[in-house]
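Trainee: Could you show me how to read a helix, and then a pair of helices, in a model that is new to me?

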Amino acid sequence: MNINEDSTFRKAKEELKRERNMMQGKSFRQKAGYFFTYYKIPVIIIAVVIAILISILYSRAQHKDYAFHALFVNADNSAHDEQMEAEFGAWIDFDSDKYQVVIDSSMYIDGNSQGSIASTEKLAAEVSSEILDACIMPEDLFSTYTGEGCFGDLSNYLTEEQLEYYADLLVYDGNTPVGIRADDFAIIKDASLYTSEDAPVFGIVYNAPHSADCSLFLDYLTGR
């Protein structure tokens, strides 16, 4: 131990001894008052730090990975998300203690507004993070994202029977079927998700992590 360390240790020891002597003979309330007066700031700081750590640990413990994730972009009605999550969750096999179905119809992309930019960035982040499975959005916007390579070839995800069933509704990128016009889908009509003339289109994200469940989601939306 060097001279500085020895001096620091000695001062701390003397301070502890001084405080112990001060507390001798004092009542519990007097001791508590002294403690609160001289140590309340450090204690508050420590308490806040502990609360933050507990909050972080709790959030991590509560977090569930996605069993399936879909977006309804520019939807007119976002009041049915939880209902759709519960209903479609019953269609697929997953451990609800560890995973969750997330259907989000709050995203809106309509230009250069702050909210639109935030939604655009969120969509890009979810695609690049490989957590998004399917998207429904108005046809003009769907065409934009198709040109950017967002949606995969439906023939890689749907059965021959499904492709034949939706043949008249298919949207193509060249010769590749990438979307299905969804304005007459039962769930979309019943929930009034899209009411404008720009028909919504269903597509499967090219790197969908749960692509096997996308065909089930399609059948769920159509009520098949």
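Mentor: Helix α4, residues 114-128, has 15 residues and reaches 21 Å from its first C-alpha to its last, close to the 21 Å expected at 1.5 Å a residue, where the expected span is 1.5 Å times one less than the number of residues. Helices here are DSSP runs (H or I, at least four residues) and strands are runs of E (at least two), numbered from the N terminus. This is a predicted model, in which local features need pLDDT of at least 70 and side-chain atom pairs count only at pLDDT 80 or more, while totals for chains, interfaces and linings use all residues. Residues are numbered from 1 along each chain as its sequence is written, and side-chain values use heavy atoms, with hydrogens and water left out.

Trainee: Which residues of α4 are buried?

Mentor: An α-helix has 3.6 residues a turn, so residues three or four places apart point the same way. In α4 the buried residues (under 20% relative accessible area, 1.4 Å probe, protein chains only) are Ser116, Ser119, Leu123, Glu126 and Val127. They cover an arc of only 100° around the axis, taken from the directions from the axis to the C-beta atoms, which puts them on the same side of α4. The face turned away carries Gln114, Glu121 and Ser128, which are exposed (over 50%).

Trainee: How do α3 and α8 pack?

Mentor: Two packed helices are described by the angle between their axes and the distance between the axes. Helices α3 (residues 81-89) and α8 (residues 211-222) pack at about 120°, with axes 11 Å apart; the axes are lines fitted to C-alpha atoms over the stretch in contact, and angles run from 0 to 180 degrees between N-to-C directions. The contact (heavy atoms within 4.5 Å) is made by Met84, Glu87 and Phe88 of α3 and Asp213, Leu216, Phe217 and Tyr220 of α8.
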